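I opened my notebook to look up two things here: a sheet and a ligand site. My notes follow in the order I took them.

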Amino acid sequence: MKKSGNSKKICIIGAGYVGLTTAACLAQIGNKVICIDNDLDKIKKLSNKVVPFYEPQLDEIICKSVNNKNLSFSTKINDSIKQSEIIFIAVGTPQKKDGRADLTAVRKVATEIDKVLNNTKKHKIVVVKSTVPPGFSDKIRKIIRNMKVDIISNPEFLREGSAVYDSLFPNRIVVGTDNGRAVQTMRELYDPIINQTFPTDIDPRPTTYVPLVETDIRSAEMIKYASNAFLATKISFTNEIAHLCELVGADITKITEGMGLDKRIGPQFLQAGLGYGGSCFPKDTHALSQVSGDHGHDFKLLKAVIEVNNLQRERFIRKIKKELKSLKGKTIGILGLSFKPHTDDLREAPSIDIINWLIAEKAVVKVYDPKAMENTKKVFKDKIKYCQDAYDVARDSDALVITTEWQEFKDLDLLKIKSLMKKPIIFDGRNIFAQDKTKELGFRYVGVGR
Ligand code: UGA
C-alpha cells in the first residue's frame, strides 16, 4: 500500500480494539500517531510493543510503526491533543443496564479536548469513532465550543479477528460532517486506503478505490447502527429458519447455500448457530432499540431480532438437556470459548451462558480454546477444568459441545475423538461437522437447523 503523501499528526484517544487498530493502521500508512489511554499498565506494555489482546497482524504493524517512530503511546492526553491536527475519540460506549449506550467516557474526553483547545487559533478536527447514538455528536459540538475545531463522525466497521485487514481494506469509509473543509482533510488522511487496488470478499476482481460516503453527522452515526442491526437481523432470521428446518426436516446449511447464491441476498451472515455475541451486536441492537423508543418509535423487527438471539442459546441448552436428561456428575467438554474465531474476546460469548448453565446443573465442565483460555480462567476460576487441546477435552467426556468454529476443531481426527470419549455425542452449535460423516463414524450428532 502506498504511503500518505500528506502525513498528518494524529492523536487517538482510547487503546481498545478500535482505537489501537486505527492508530496502528494510520501509522502504517505514514502518519505520526500518538495513541492515548488512561490505563498506565496498558500504555507501558504497548510502548514495549506488547499488545494487550489477541488480534491477528496487529502486533506486527504496531512493532513496525513503533520502531520507525510513526507510532507512540502515552497517558498524557493534553500534550497529545495540543500537538495533533486530527484527534480521534475511540473510547468505549458499553451497554448500560437500561440498554442505552453509556456515553460517560466520550463526554469526559470531549470535555478534556474542550479545555485544551478552547483558545486555539489553529484549525483542528475531532473525529468521533466511538459508536454513539444518532445526534450525540451534536452534543459533542456543544461541549467543544471553539468553532475552529470541526467535528466529524467517522464510524468504524472493523471486525474483531480481522481488524487490521478491515481497516486497511474497508468496504467503505463513512464521513459525517457539516463542513466541507474537514471532509477534504479526511479524504487526504484516508487517501492511501481509498486509492489502492485489491480484491474484496464480494468481488475478487481488483477494485481501484474504496468509496467514501460523505453525509451529515446524524446520518453517519445512523449508518453504523443500521449496519450492525441489519447484520444481526440476517443472523436471527437465519436462526429462525434453522429452527423451522428442524421442525420440517430440512437442512439449514443447504438452505443458506441456496439462498446465498442469490446476489441480492449474498452468502455472508447466514451462518446458523448459537446466535451473535461479542461487544458490538448485542450492545448496538439494544441501543438502537432504545433510541427508537426515545423517539416514540417501536422498532418491532429489531426487538424480535434481539429476542430470537437470546432464545437461540436457550434452544440449544434444551437440546442438550433433552438428549442427556440429567447433567449431574456428567462430564461435558466445551470446544471454543471466544465469541467467534480469531479472537480471545469472551464478551457476550454463548460459551459463557452454556458453561454457567452446566455448572448450575452440576455437570463437570472441561474446556479448551486456542486463544481464550486466559480470559476464561478470569471468569470461571476453578469452577471448570482447563485442557491442553481438544483431545484432552474429549477424554472421558459424556458429550462434546462445539461453541466456536475455530479451524482446528474442523480439522479434528474424529475417530480419535470418539475413541477418547465415554459416550460419542456431539452438540455442534456452529454446524462445523458434516452431519452424515459424524453419523457414519458412530457419533450421535445434534447440530442447529439440520
Ligand atoms: C461487528 C461488525 O461485523 C463490524 O462491522 C463492526 O465494526 C463491529 O461489530 C463493531 O460494531 O465494532 P464483530 O462484533 O467483531 O464485528 O464480529 P462479527 O464478525 O460481525 O460477528 C458478530 C457475531 O455474529 C459473532 O458472535 C458471530 O459468531 C455471529 N455470526 C456472524 C453468526 O452467528 N452468524 C453469521 O453468519 C455471522
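Entry one, a single pair. I looked up I426 and found that I426 stands opposite Y445 in β14. The model is a predicted one, and I read every entry with that in mind.

Entry two, the strands around that pair. I traced β13 over residues 425–428. β13 pairs with β14 in the parallel sense, and I noted three bridges between them.

Entry three, the helix on the sheet. I found α12, residues 300–324, packing on the sheet. α12 touches β9 (331–335), β12 (399–402), β13 and β14. Its direction makes about 165 degrees with that of β13.

Entry four, the whole sheet. How many strands form the sheet, and in what order? I wrote down six, in the order β11-β10-β9-β12-β13-β14. The sheet is open and the pairing is parallel. I then marked the edge strands, β11 (385–386) and β14 (444–446), each of which pairs on one side only.

Entry five, the ligand. I listed 20 residues around the ligand. L158, E160, K224, N228 and Q271 come nearest. By class, I sorted the shell into nine nonpolar, four polar and seven charged residues.

Entry six, contacts with ligand oxygen. I checked E160 and found one of its polar backbone atoms 2.7 Å from an oxygen atom of the ligand. For Q271, a polar backbone atom is 2.8 Å from a ligand oxygen. For G277, a backbone N or O atom lies 2.8 Å from an oxygen atom of the ligand.

Entry seven, cover. On its own the ligand has 710 Å² of accessible area, and the protein covers 91% of that.

Entry eight, the elements behind the shell. Which elements give two or more residues? I noted α9 (217–248) and α11 (281–294). α9 gives the most, with three residues.

Key. Residues are numbered from 1 along each chain as its sequence is written. This is a predicted model: local features need pLDDT of at least 70, side-chain atom pairs count only at pLDDT 80 or more; totals for chains, interfaces and linings use all residues. Side-chain values use heavy atoms; hydrogens and water are left out. Two strands pair if DSSP finds at least two bridges between them. Helices (H or I, at least four residues) and strands (E, at least two) are DSSP runs, numbered from the N terminus. Contact means heavy atoms within 4.5 Å. Axes are lines fitted to C-alpha atoms, for helices over the stretch in contact, and angles run from 0 to 180 degrees between N-to-C directions. A residue is near a molecule or strand if one of its heavy atoms lies within 4 Å of it. A polar contact is a pair of N or O atoms within 3.5 Å; within protein, one must be able to donate a hydrogen and the other to accept it, and residues adjacent in sequence count only if both atoms are side-chain atoms. Accessible areas come from the Shrake-Rupley method with a 1.4 Å probe; for residues, only the protein chains shown count as cover. Ala, Val, Leu, Ile, Met, Phe, Trp, Tyr, Cys and Pro count as nonpolar, Asp, Glu, Lys and Arg as charged, and the others, Gly among them, as polar.
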